[in-house]
Amino acid sequence: MITGGLDLGAGTVKGVLLEDGRRILATASLPSRGIPVQAARQVVDELGETANIAPAEVDYLCTTGFGRYMIPERNLQVSDFTSSARGAVFLFPKTHLVVDVGTQASRTMSISETGKVLKFKMNEKCAAGAGRFVERCSKYLQVPLEEMGPKALASQHPKLISSVCAVLAETEIINNVAEGVPLSDILMGVFLSLSQRAYSLMRYVGIQPEVTLVGGLVRDVGMVKALRDTVGMEVNVAPDAYYAAALGSAILGHSRLLKLRETPSDTGG
Amino acid sequence: MSGVVAGVDIGSTTAKCVVLGDDSRILGKSLSVVGIDIVKDAERALEAALADAHLSRSDVAFITGTGYGRYKVYFGQLVVTEISCHARGASFLFPGTRLVVDIGGQDTKAIRINEKGEVVDFAMNDKCAAGTGRFLDVCANALGYDVSEIGPLSLQARRAVKVTSTCTVFAESEVTSYVSRGKDPKDILAGLHASIANRTLSLMQRVGVEPEITFTGGVSQNQGMVRALHQRLGAPVNVSPLSQYLGALGAALHGRERLSGGAS
């Protein structure tokens, strides 16, 4: 049984092809560029090519993310909280707290012993708590996005940012550059600032190990280090955690399909 | 003894200075952009206002500093918060003022005052660029305009486009996406001004909305913002070409009181 999961996020569209709810056959991602539907089509094509599976062989498609209603051929859609939590628990079964830091929003969910979401908290109103903040810093500091994290790791004395607004922080950061603060310290300050925002969300739902980081920022070594330092405990990361929401929706699609096949007379969706 | 006093208001974005004569008439004023060397900027602001008044430094009996950079006005004899100064300046210019709305480059304040121009209560947003001049600045840039152009343009809107993002960064992308969808920039600008008016109103409600309302700070010079506030409040707001100088004017007035031995 093959299920597909598509996460139509604000910054990136991510996709996963899953066999029997367990085995990842392919992952793919593309920038949304404001037209997530178009990116989603390309992601689907890429997944099929990688796994060598024709579209007709995909038994069930489940979407998530802010653009989850944009794909007419979907069989099911689930909220970002549910999918991202499911993906995190699949990767790290002992997860009790999921932190999902994305381009446009960050969210955190506490997870029960049975893998259910207990409590959640989200910031989608303010860029200072999202990957967008790092993107902006990358632009005006003229450091390519993928170099931000590795460069930050060299920091000896991170320069903390006092502004809690991404726009006001810009002035502060530029002043720091003018004052000759080392770039690595400025960059680590950016990640710490983002981590502190995530930390206050995490405290709201309750911090309990294991903590798993997922979403767009999980690939950023600067973010991972900053979050571990801020929370003061180990934080699970994995390459596939980048696809956690897409993975989770593929898993949830699989469970739904199993149920549907058990009760063929049930036409409810 | 000469009774000439000066007030220097060092804001986040601009420095303002007002030189006041014996009869509390404005003899000279200056407005300049603030750079990295605030101490020097403060000096320059005073020099420019003195030049405007055809006076020299020795003619000034008392100097008061205010604004976010008030502690950098080293040549002054007194430092007063910009909240007291805007209250005082607004009350001087419009004696009926009971609520001052100060929208500056980087923060917004609502100040409720009594008939003597004293502060009764205030609320302020200095944590977030949304609802401040900075928000307009960023959005003007995103649309390819100078911030001075956007107020008048917004007045020509036919149907304001609703801007839903609160965050300046998200509003910037929202604005860009409206442009790519073919919306008229004038309509988008009207929506942006309305969005700030909304945010300002909630700040005002925290201290109580009571007429007369006087609009001060750099953004008060934006006609689009004046109209947006008027529409949102359903009542006119006092505004004058001097509105941007009210912090400096208030500082000078506080200095005059101190000079004449009164309480300040």
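In this predicted model, E172(B) and R136(A) form a salt bridge, in which the closest N and O atoms are 2.7 Å apart. The rule finds one salt bridge across the interface of chain A and chain B, together with four residue pairs in polar contact. On the side of chain A that touches chain B, α3 (131-141) and α5 each supply at least two residues. The largest share, six residues, comes from α5(A). By character, the residues on this side of chain A divide into eight nonpolar, two polar and five charged.

Taken as a whole, the interface brings 15 residues of chain A into contact with 14 residues of chain B. The area buried between the two chains is about 1,200 Å², and carbon and sulfur atoms give 65% of that area.

Chain B may be followed further through its helix α3 (residues 133-143), which is mostly covered, with eight of its 11 residues buried. Among these buried residues are F135(B), L136(B), V138(B) and C139(B). The buried residues of α3(B) pack against α5 (166-178) of chain A, and also against β6, α4, α5 and α6 of chain B. Just after this helix, G144(B) takes a positive phi of about 85°.

The interior remains to be described. In soluble globular proteins, nonpolar side chains tend to be buried together. Here the largest nonpolar core has 66 residues, and F191(A) and L213(A) have the most contacts inside it. Helix α6 (residues 183-205) of chain A gives the largest share of this core, 10 residues. Apart from this core lies another, of 35 residues, which includes C139(B), L153(B), A171(B) and F215(B).

Key. Residues numbered from 1 in each chain as written. Chains lettered and ligands numbered in written order. Predicted model: local features only at pLDDT ≥ 70, side-chain atom pairs only at ≥ 80, totals over all residues. Heavy atoms only, no water. Core = buried A, V, L, I, M, F, W, Y, C linked by side-chain atoms within 4.5 Å. Buried < 20%, exposed > 50% of the residue type's maximum accessible area, 1.4 Å probe, protein only. Helix = DSSP H or I, 4+ residues; strand = E, 2+ residues; numbered from the N terminus. Contact = heavy atoms within 4.5 Å. Buried area = accessible area lost by both parts, 1.4 Å probe. Salt bridge = Lys/Arg side-chain N within 4 Å of Asp/Glu carboxyl O. Polar contact = N/O pair within 3.5 Å; in protein donor to acceptor, adjacent residues only side chain to side chain. Nonpolar A, V, L, I, M, F, W, Y, C, P; charged D, E, K, R; others polar.
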